[in-house]
Amino acid sequence: MMRRILYIIDEALRTVKRHKGLTSISVIIMSLSLLMLAVFLLATDNLLKLVSETQEEMKIYVYLEDGVGQQEAEKLYMTILGQAEVSRVEFVSKEDALADFKSQLGEDADLLSALSTNPLPNSFWVVPKEEYKTRDAIVGIADRLAQLKGVEEVRYGKEFLDKFASIVKGIYTVDIVVGFIVIMSAIFIIANAVRLTVISRKRTIEILKLVGATNPFIVAPFIIEGAFQGGVAAVLSLVLLRIVTEVSRSAIPDLNFFSLEKSLIYMLTCVLIGALGSFMALRRYLRMQ
Amino acid sequence: MSDEQNETPSDRSVIGVFHLTKTYGDQHALDDVNFNIGNGEFVFMVGPSGAGKSTLLRMIYMDEYPTSGQVVVGNFVSTRMRRRDIPYLRRRVGIVFQDYKLLEDRTVAENIGIGMRITGASPFAIKRRVASLLNDIGLYHKRLEMPQSLSGGEQQRVAIARALVNHPAILLADEPTGNLDPDSAEDVLRLLFKINNGGTAVLMATHDHSFVQNFGQRIIHLRDGKVFEDKKTGLVGNLSDRLDALRMDRERQKRVDHAIKRQRASSLAPTKTE
């Protein structure tokens, strides 16, 4: 068993070494098409992050009637927290609200000293659970909260929500369409690059069959080689992507690079694509007796 | 003495061909072919190109299957073959081609060893076997060279060594001398006889009837996909004498050719300067 594994690795390395030119060409082709894919993935990653950061701030403000006392407020707090869609509720007393307001006004804060009473109401802000941070769900919660006794008004930035929902929908649609095209063309280009390598060894495959090599023995070195090419191309494309990212930072300062975890998943996927590409290209020749 | 051995093939044959027919469309490549090859037998298969020699060999190493009829090679029966059995058949049948089919990115020794490597044999066993084969074909000193740097005859000897690496019961050779000059062709033929002396059956296909006629071997004559004749030829003198006679003929021929060439060159020279 060990000897077979050594044979396979040895064969794969040999062919890579012997066909340096062809291997490098196919790795370069692969890394460029992977770069295209990586740019797309990174853009998507950043968009999704933007969307989720925006969603993070989605809150529902519940303003209480003036006469609501401490006990009643506590009861309301429990009721709101008891809703299935709600993850967090925070009480903001009218004094806190005023202090907040003051600090927001900054230098103009003395304007407020003209007030003899605090005009701001007690309120809650309500954070829905992640899965309910959609426009429809928020409207539903808000409507329900507005029915509660002691609640004067509920606000949730209706206009913003509507706009945001349609933007996100547009982004997703474009992203999926572009993603489909990019992924298909990357796979097509990689499959062809790998096929080129396999065709160049058609004779080798034929001879191995004639001397009685079993299919796994013929296939395995090619798969290792394909995986190796995929891995190298993945690393290369990530390096290129990093450069692209750094350059674009001057235009988009908030641009994030892939996390380590995502980079690893990306590389693993490329390794698999390379291996699979080899296998697919080989299948044709293996059907020969 | 090798004849004695060949006269008495063992009761079990290496290859049995029964009512073998192969058609491509409405074209009959082979038509009801029957023969047996015994253990350790040497057989020439002759016939003009297109007579079905290569097709027949392909049926034997089961690159193709008969349209009807059956081929039996040792324990392998064409009608019962599964795809995954084929590699194991190929290890029992050595195959040699006119164009050598050597791997150009491997040394001579690696080329010979490849058939054993793919069986998972130990590197030590491979090395030993390859060294002994290199000695048999007289190319030990060229073991680290690439095939392209060898002459055609040498390449063919390497191909033969590769075919023998797993101790096959039979060696199939499809026009092994087809690309070679007469001297190299003779070397290859001698080598095949030597291998046969060691007990390996040999089936060699060739279109050159006259070349193989008088070695005292069995000749299966194929014509239009049928066995036209299957007989044992008489040996004129002994094998070695016969080969020597062939060489003498050839050397005489060469001297004549050379003289003619020189004659032509000298008669052409003045016209050229005009």
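These legends accompany close-up views of a predicted two-chain model.

**Figure 1. Overall form of chain A.** Chain A carries nine helices and four strands. Read from the N terminus, its elements follow the order α-α-β-α-β-α-β-α-β-α-α-α-α. The C-alpha atoms occupy a box of roughly 100 × 40 × 35 Å along the principal axes. The radius of gyration of chain A is 30 Å, whereas a compact globule of 289 residues would have one near 19 Å. Buried residues make up 24% of the 289 in chain A. Contacts in chain A often bridge distant parts of the sequence: among those between residues at least 6 apart, 85% join residues at least 24 apart.

**Figure 2. The two domains of chain A.** The domain assignment gives domain 1 of chain A two segments, 2–54 and 165–286. Domain 2 of chain A covers 59–155. The centres of these two domains, taken over C-alpha atoms, are separated by 52 Å.

**Figure 3. Confidence along chain A.** Chain A has a mean pLDDT of 84. Of its residues, 99% reach 70 or more. Among the elements of chain A, helix H1 (residues 2–18) has the lowest mean, 80. Helix H8 (residues 215–248) of chain A has the highest, 90.

**Figure 4. Surroundings of A:Ala137.** This residue sits in helix H5 (residues 135–147) of chain A. A:Ala137 touches A:Glu85, A:Pro128 and A:Tyr132, leaving aside residues up to four places away in sequence. A:Glu85 is 52 residues away along the chain, yet its C-alpha atom is 8.4 Å from that of A:Ala137. Is A:Ala137 buried or partly exposed? A:Ala137 has 14 other C-beta atoms within 10 Å, so it counts as partly exposed. A buried residue would need 20 or more.

**Figure 5. The two domains of chain B.** Chain B is split into domain 1, residues 2–236, and domain 2, residues 237–274. Taken over C-alpha atoms, the centres of domain 1 and domain 2 of chain B are 32 Å apart.

**Figure 6. The largest nonpolar core.** This core holds 71 residues. B:Ile60 and B:Leu172 have the most contacts inside it. Helix H6 (residues 152–164) of chain B gives the largest share of this core, six residues. Apart from this core lies another, of 28 residues. Its members include A:Leu37, A:Ile190, A:Ala193 and A:Ala233.

**Figure 7. Contacts of B:Leu172.** Residues up to four places away in sequence are not counted here. B:Leu172 touches B:Leu57, B:Ile60 and B:Tyr61. Its other partners include B:Val93, B:Gly94, B:Ile95 and B:Val96. B:Leu203 is also touched by B:Leu172.

**Figure 8. Where chain B meets chain A.** Chain B gives 18 residues to the contact, and chain A gives 14. On the side of chain B that touches chain A, helix H3 (86–92) and helix H4 (108–117) of chain B are the elements that give two or more residues. H3(B) supplies the largest share of that side, five residues. What kinds of residue form the side of chain B that touches chain A? Eight are nonpolar, three polar and seven charged.

**Figure 9. Helix H4 of chain B and its cover.** Ten of the ten residues of H4(B) are buried. Among them are B:Val108, B:Ile112, B:Ile114 and B:Met116. The charged residues B:Glu110 and B:Arg117 are also buried in H4(B). The cover over this helix includes H1 of chain A. From chain B, helix H5 (123–136) and H6 are included too.

**Figure 10. Positive phi at B:His19 and B:Glu175.** Phi of B:His19 is near 45°, a positive value in a residue other than glycine. B:His19 lies in strand S1 (residues 13–24) of chain B. With 12 other C-beta atoms within 10 Å, B:His19 is exposed. B:Glu175 is another residue other than glycine with positive phi, near 50°. B:Glu175 belongs to the loop between strand S7 (170–174) and helix H7 (182–197) of chain B. B:Glu175 has 20 C-beta neighbours inside 10 Å, so it counts as buried.

Technical notes:
Residues numbered from 1 in each chain as written. Chains lettered and ligands numbered in written order. Predicted model: local features only at pLDDT ≥ 70, side-chain atom pairs only at ≥ 80, totals over all residues. Core = buried A, V, L, I, M, F, W, Y, C linked by C-beta atoms within 7 Å. Contact = placed C-beta atoms within 7 Å. Domains from an automatic or database assignment. Rg over C-alpha atoms; globule rule 2.2 N^0.38 Å. pLDDT = per-residue confidence, 0-100.
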